[in-house]
Amino acid sequence: MQDDNKRFVERDRNWHPPAYAPRYKTSVARSPRQSLVSLQKPSVSELTGPDFRHLRMGAHDNDLLLNFRENPALEGQAGLPIGERMIMFGRVVDQFGKPVPHTLVEMWQANAGGRYRHKKDSYLAPLDPNFGGVGRCLTDEQGWYRFRTIKPGPYPWPNDMNSWRPAHIHVSVIGPSISTRLITQMYFEGDPLIPICPIVQTINDPDAVETMIGRLDMSRSNPMDCLAYRFDLVVRGELQTYFENQ
Amino acid sequence: MKQPNTVPSSELMLRETASQTAGPYVHIGLALDVAGLPEREEEIWNQLAKPEAEGEHIEVVGTVIDGNGDLVRDALIEAWQANAKGEYQPEFDLQKPFNSFGRTATTASGDSEWTLHTIKPGAVTRSDGKVMAPHINLAIFARGINIHLQTRLYFEDETRANAVCPVLNAIESPVRRQTLIAKREEADGKIRYRLNIRLQGEGETVFFDF
């Protein structure tokens, strides 16, 4: 059996944003009204998940400075995106501090002007011909991941009369099972747009907001090259059950 | 370090990173072709089964509908299912004929259907010996969804297995169990199962916590 003696720490639904958070207007019609049905006996269906160690990745999949170029003939500085060069790195651990090795971390973001390279984004800030905005990598043996990118810009969006998203990078992590699956956003320490963002405000507990702040880490910055922001991810803790259920 | 036995056990544990919506541009990160980006060497997408995979080849399709009855055109769905023998294959490898994991998205125009090309999963036995009817686990991400919604898709023609499935039976309302049952269609020589996911209101899909 694939699920013997295993379960995960219960997800705290009061810590995460509720489905219905009316200040974020789109959530109103997209949130269930019925209660979630709790599976008191998680099965192999919930306790297992994909392992991406055999997914073939390109050499620059985690390097957004180099992984997109409208004109592939451009070389050197002419082929680099505009914006503040930065490293985003961190560790994926579970709630007991145990590293989560070889798990897939994916990210996507706007360019330095706050524009996404997406068919549906029509913001007037221009696309950057040298920036795609997507990255992915596996964590190493100790749970570390690392991307190189530019700092995304804030941008306006239709919610209130004048809502702006703080600069952010979307982050997706798989973890050891589909029970640990998580998508979040990394914000930047000190950004004054964070406390007034309706999407950040979907979260009720200020301590939970702090878990989404990437912190400047001068020790990992490269002199005369780029700054570094550290963003650790915590996924649900894995428990062993030692006694038979009878 | 905290002194043992002096603090509640909850304080000895880290809190999970909080969830945020995947937003309208989720495709840039997880469905590059949908965003209009060039694909990389390998992408995680909606063909779980190649033609040589063992089992009954099926297409699974559906829409996502919001509380107003409108199509959700920017949803991303992840699927996790057993193979034809009822076993999960965690090792994702596109060289293999079958993978348990896949992704799909609703479309920005037209009928806005998501599609999976897969095989019908076998029944899955729980560690307590109870047999769960064949099912596909689905997670739904979209703009306006603050934390992904988790559900299961079951098959209409598995009447007997569905009737005794411990998970379907954990849903108190028999009427609501029906929201998880995909309808079987046969079209162009293909077997197709259809499940519309209703986020809110009449016929609201059952979503699970686990």
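## Strand 9 of chain B

Strand 9 of chain B is largely enclosed by the rest of the structure, because seven of its seven residues are buried. The model is predicted. In a regular strand the side chains alternate between the two faces of the sheet. In strand 9 of chain B, Leu149(B), Thr151(B), Leu153(B) and Phe155(B) are on one side, Gln150(B), Arg152(B) and Tyr154(B) are on the other, and all are buried.

Strand 9 of chain B is joined to strand 8 (residues 135-141) of chain B by six bridges, and these two strands run antiparallel. Within that pairing, Asn137(B) has Arg152(B) as its bridge partner. Strand 9, residues 149-155, is also joined to strand 10 (residues 181-187) of chain B, here by two bridges and in the parallel sense. Phe155(B) has Ala182(B) of strand 10 as its bridge partner.

## The sheet of chain B

These pairings belong to an open sheet of eight strands in chain B, with the order 4-3-8-9-10-11-1-5 and mixed pairing. Strand 4 (101-105) and strand 5 (114-119) of chain B are the edge strands, each pairing on one side only. On average, neighbouring strands of the sheet are turned by 30° against each other, direction ignored.

## Nonpolar cores

The largest nonpolar core has 29 residues. Val64(B), Trp114(B), Leu138(B), Leu153(B), Ile197(B) and Leu199(B) have the most contacts inside this core. At least two of its residues come from each of strand 1 (57-62), strand 3 (76-81), strand 5, strand 8, strand 9 and strand 11 (190-194) of chain B. Another core, of 27 residues, lies apart from it and includes Phe52(A), Phe101(B), Tyr154(B) and Leu168(B). Two residues of strand 9 of chain B that lie on opposite sides, Leu153(B) and Tyr154(B), thus appear in separate cores: Leu153(B) in the core of 29 residues and Tyr154(B) in the core of 27.

Leu199(B) has contacts in both chains. Leaving aside neighbours within four places in sequence, Leu199(B) is in contact with Arg30(A), Ser31(A) and Pro32(A), and its partners in chain B include Val64(B), Ile65(B), Val72(B), Leu149(B) and Phe207(B).

## Strand 4 of chain B and the loop after it

Arg103(B) lies in strand 4 of chain B, one of the two edge strands of the sheet. Arg103(B) has a relative accessible area of 1% and is therefore buried, the limit being under 20%. Its side chain makes a polar contact of 2.9 Å with the side chain of Glu78(B). Not counting residues up to four places away in sequence, Arg103(B) touches Glu106(A), Ser172(A), Ile174(A) and Arg181(A), and in chain B its contacts include Leu30(B), Trp45(B), Ile77(B) and Leu116(B).

The loop between strand 4 and strand 5 of chain B holds Ser112(B) and Glu113(B). Most residues other than glycine have a negative phi. Ser112(B) departs from this with a positive phi near 55°. Ser112(B) is buried, at 0% relative accessibility. The side chain of Glu113(B) makes a polar contact of 2.4 Å with that of Arg194(B). Apart from residues up to four places away in sequence, Glu113(B) touches Val61(B), Gly62(B), Thr63(B), Ala105(B), Thr106(B), Thr107(B) and Arg194(B).

## Strand 9 of chain A

Six of the six residues of strand 9 (residues 168-173) of chain A are buried. His168(A), His170(A) and Ser172(A) are on one side of this strand, and Ile169(A), Val171(A) and Val173(A) are on the other. Ser172(A) is one of the residues that Arg103(B) touches.

Strand 9 of chain A pairs with strand 4 of chain A over five bridges in the antiparallel sense, and Met107(A) stands opposite Val171(A). Six bridges join strand 9 to strand 10 (residues 182-188) of chain A, also antiparallel. In strand 10 of chain A, Gln185(A) is the bridge partner of His170(A). His102(A), in the loop between strand 3 (85-94) and strand 4 (104-109) of chain A, has a positive phi of about 55° although it is not a glycine.

## Annotated spans

UniProt, in an unreviewed entry, places the feature "domain: Intradiol ring-cleavage dioxygenases" at residues 51-201 of chain B. That span is 9% helix and 38% strand, and its end C-alpha atoms lie 39 Å apart.

For chain A, UniProt lists "domain: Intradiol ring-cleavage dioxygenases" (unreviewed entry) at residues 88-116. Residues 88-116 of chain A are 0% helix and 45% strand, with end C-alpha atoms 19 Å apart.

Conventions: Residues numbered from 1 in each chain as written. Chains lettered and ligands numbered in written order. Predicted model: local features only at pLDDT ≥ 70, side-chain atom pairs only at ≥ 80, totals over all residues. Heavy atoms only, no water. Pairing = 2+ DSSP bridges. Helix = DSSP H or I, 4+ residues; strand = E, 2+ residues; numbered from the N terminus. Axes fitted to C-alpha atoms, helices over the stretch in contact; angles between N-to-C directions. UniProt positions renumbered as here; feature names shortened; annotations may be inferred. Buried < 20%, exposed > 50% of the residue type's maximum accessible area, 1.4 Å probe, protein only. Polar contact = N/O pair within 3.5 Å; in protein donor to acceptor, adjacent residues only side chain to side chain. Contact = heavy atoms within 4.5 Å. Core = buried A, V, L, I, M, F, W, Y, C linked by side-chain atoms within 4.5 Å.
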